[in-house]
Amino acid sequence: MLFPPRVLGQAMTGALVGRILDEESKEPLVGVNVFLRGTFLGNVSDALGNFQIRSIPIGVYTAN
């Protein structure tokens, strides 16, 4: 069976998407650094507390 080259050349990756809120007030936290321990992957929460980390290689990670 033959597959198109674009399928064979793609690496499997995932994404981590979330929102950071203050525990008591439930207000969004702006400018919080979120990263995956042991990698150089991370991002900063926006004005609504949202963050995204994309192109994460398949595996198990701890977010800090």
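# A working chat on a predicted chain

Biologist: What share of the residues is buried?
Modeller: Buried residues are 12% of the 64 in the chain. Keep in mind that this is a predicted model.

Biologist: How confident is the prediction?
Modeller: The average pLDDT over the chain is 89. A score of at least 70 is reached by 84% of the residues.

Biologist: Where is confidence lowest, and where is it highest?
Modeller: Helix α1, residues 5-8, is lowest, with a mean of 54. Strand β3, residues 42-44, is highest, at 97.

Biologist: What's the secondary structure?
Modeller: The chain has 1 helix and 4 strands. Along the sequence the pattern reads α-β-β-β-β.

Biologist: And the surface? How much does the chain expose?
Modeller: About 5,300 Å². Carbon and sulfur atoms supply 59% of that area.

Biologist: What part of the contacts is long in sequence terms?
Modeller: Take the contacts with a separation of 6 or more. Residues 24 or more positions apart account for 47% of them.

Biologist: Which residues make up the largest nonpolar core?
Modeller: There are 6: I20, V34, L36, F51, I53 and I56. Strand β4 gives the most to this core, with 3 residues.

Biologist: Let's stay with F51. What does F51 touch?
Modeller: Setting aside residues up to four places away in sequence, F51 touches L16, V17, G18, R19 and I20. V34, V44 and S45 are also on that list.

Biologist: L16 is in there. Where does L16 sit?
Modeller: In strand β1. L16 has a relative accessible area of 30%, so it counts as partly exposed.

Biologist: Why partly exposed and not buried?
Modeller: Because buried means under 20% and exposed means over 50%. L16, at 30%, is in between, so it is partly exposed.

Biologist: Which residues is L16 in contact with?
Modeller: Without its neighbours within four places in sequence, L36, F51, Q52, I53, I56 and A63. Take I53: L16 and I53 are 37 residues apart in sequence. Their C-alpha atoms are 5.1 Å apart in space.

Biologist: Back to S45. Buried or exposed?
Modeller: S45 is buried, because its relative accessibility is 4%. S45 is found in the loop between β3 and β4.

Biologist: Which backbone oxygen lies 2.8 Å from a polar atom of the S45 side chain?
Modeller: That of L29. L29 is also among the residues in contact with S45, neighbours within four places aside. The others are I20, V30, G31, V32, N50 and F51.

Biologist: V30 next. Where is V30, and is it buried or exposed?
Modeller: V30 is in the loop between β1 and β2. V30 counts as exposed, because its relative accessibility is 58%.

Biologist: What does V30 touch?
Modeller: S45, D46 and A47, not counting residues up to four places away in sequence. As for L48, its C-alpha is 6.8 Å from that of V30. V30 and L48 are 18 residues apart along the chain.

Biologist: What about G49? Which loop is that?
Modeller: G49 lies in the loop between β3 and β4. The relative accessibility of G49 is 0%, so it counts as buried.

Biologist: Which residues is G49 in contact with?
Modeller: Leaving out neighbours within four places in sequence, G18, R19, I20, P28 and L29. G18 is 31 residues from G49 in sequence. In space the two are 8.2 Å apart, C-alpha to C-alpha.

Biologist: Change of topic: backbone angles. What is the phi of K26?
Modeller: Positive, about 65°. K26 is not a glycine.

Biologist: Where is K26?
Modeller: In the loop between β1, residues 13-19, and β2, residues 33-35. K26 has 52% relative accessibility, so it counts as exposed.

Biologist: And S55? What is the phi there?
Modeller: S55 also has a positive phi, about 60°, and it is not a glycine. S55 lies in strand β4, residues 50-57.

Biologist: Is S55 buried or exposed?
Modeller: Exposed, because its relative accessibility is 52%.

How values were computed: Residues are numbered from 1 along each chain as its sequence is written. This is a predicted model: local features need pLDDT of at least 70, side-chain atom pairs count only at pLDDT 80 or more; totals for chains, interfaces and linings use all residues. Side-chain values use heavy atoms; hydrogens and water are left out. Helices (H or I, at least four residues) and strands (E, at least two) are DSSP runs, numbered from the N terminus. Buried means under 20% relative accessible area, exposed over 50%, partly exposed in between (1.4 Å probe, protein chains only). pLDDT is the predictor's confidence in each residue, from 0 to 100. Contact means heavy atoms within 4.5 Å. A polar contact is a pair of N or O atoms within 3.5 Å; within protein, one must be able to donate a hydrogen and the other to accept it, and residues adjacent in sequence count only if both atoms are side-chain atoms. Accessible areas come from the Shrake-Rupley method with a 1.4 Å probe; for residues, only the protein chains shown count as cover. A nonpolar core is a set of buried Ala, Val, Leu, Ile, Met, Phe, Trp, Tyr and Cys residues joined through side-chain atoms within 4.5 Å.
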